[in-house]
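Here is a friendly walk through one protein model, from its aromatic rings to its salt bridges and helix packing. Please have the structure open as you read.

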Amino acid sequence: MPERSELPESQESIGRRLRETREAFNLSPREFYEVVGFSKTQLENYEAGRRLMKPAMAVLVINAFPAAKLDFNWLYHGDLAGTSHDFATRIIARRSSERAA
């Protein structure tokens with residue numbers, strides 16, 4: 001069985017996808033938490049995997065970027081299938097460049 005931090009639903013994995021989402025929009029942490037409606041501390045705790053992002057908070061992220069078609073499947077499970085083509089392409093490109101580095 002994979003370690004907890006490797007599971008798609010782990011708070012660490014969810015936090016990593018939240019950071020990937022922010023970076024895909026080329027937003028600083030401050031810009032992101034202001035657009036979404038998080039506090040600075042909330043965003044830091046979610047991205048670091050110290051706190052689990054509850055569904056009500058995920059809805060704030062989803063609603064803040066309607067053109068990206070973000071959904072719970074992406075944020076909680078890492079499934080890009082329901083997201084917009086543009087968003088999915090940005091995530092895949094970022095992951096590819098990170099692996100190449």
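Where is F25 found? F25 sits in the loop between α1 and α2; helices here are DSSP runs of H or I with at least four residues, strands are E runs of at least two, and both are numbered from the N terminus.

Before going on, a word about the model. It is predicted, so local features need pLDDT of at least 70 and side-chain atom pairs count only at pLDDT 80 or more, whereas totals for chains, interfaces and linings use all residues. Residues are numbered from 1 along each chain as its sequence is written, and side-chain values use heavy atoms, with hydrogens and water left out.

**Around F25 and F87**

Leaving aside neighbours within four places in sequence, F25 is in contact (heavy atoms within 4.5 Å) with F65, A68, L70, F87 and R90. The C-alpha atoms of F25 and R90 are 8.5 Å apart, although 65 residues separate the two along the chain.

F87 belongs to helix α6. With a relative accessibility of 1%, F87 counts as buried; buried means under 20% relative accessible area, exposed means over 50%, and partly exposed lies in between, for a 1.4 Å probe and protein chains only. Beyond its neighbours within four places in sequence, F87 is in contact with T21, A24, F25, A68, L70, W74 and L80. From F87 to L18 the C-alpha distance is 13 Å, and the two are 69 residues apart in sequence.

**Aromatic pairs**

Rings of Phe, Tyr and Trp (for Trp, its six-membered ring) pair if their centres lie within 6.5 Å; planes under 30 degrees apart count as stacked, over 60 as edge-to-face and the rest as tilted. The count by this rule is 6 aromatic pairs. In one of them, the ring centres of F38 and Y46 are 5.2 Å apart with planes at 75°, so this pair is edge-to-face. Both F38 and Y46 are buried. Elsewhere, ring pairs join F25, F32, F65, W74 and F87 into a cluster.

**Helix α2**

One member of that cluster, F32, is also among the buried residues of α2. In this helix, residues 29-36, the buried residues are F32, Y33 and V36. They span an arc of only 90° around the axis, which puts them on the same side of α2; the arc is that of the directions from the helix axis to the C-beta atoms. These buried residues pack against α1 (11-24), α3 (40-47) and α4 (55-64). Just after α2 comes G37, with a positive phi of about 105°.

**Salt bridges**

A salt bridge here is a side-chain nitrogen of Lys or Arg within 4 Å of a carboxyl oxygen of Asp or Glu. The whole structure holds 7 of these salt bridges, including the following.

| Salt bridge | Closest N to O |
|---|---|
| R19 and E23 | 3.1 Å |
| E23 and R94 | 3.7 Å |
| E44 and K40 | 3.9 Å |

R19 and E23 are both in helix α1, 4 residues apart, about one turn of the helix. E23 and R94 link distant parts of the chain, with E23 in helix α1 and R94 in helix α6 (residues 85-100), 71 residues apart. R19 is partly exposed, at 25% relative accessible area, and R94 is partly exposed as well, at 29%.

In helix α3, E44 and K40 are 4 residues apart, about one helical turn. E44 is partly exposed at 37%, as is K40 at 47%. Through shared partners, salt bridges join R19, E23 and R94 into one network.

**How α1 packs**

Axes are lines fitted to C-alpha atoms, for helices over the stretch in contact, and angles run from 0 to 180 degrees between N-to-C directions. Angles under 35 degrees count as roughly parallel, over 145 as roughly antiparallel, 65 to 115 as roughly perpendicular and the rest as oblique.

The axes of α1 and α3 come within 7 Å and cross at roughly 120°, which makes α1 oblique to α3. The contact is made by Q11, G15, R16, L18, R19 and R22 of α1 with L43, Y46 and E47 of α3.

For α1 and α6, the axes are 10 Å apart and the angle is about 105°, so these two helices are roughly perpendicular to each other. Here the contact involves R17, R19, E20, T21, E23 and A24 of α1, and F87, R90, I91, R94, R95 and E98 of α6.
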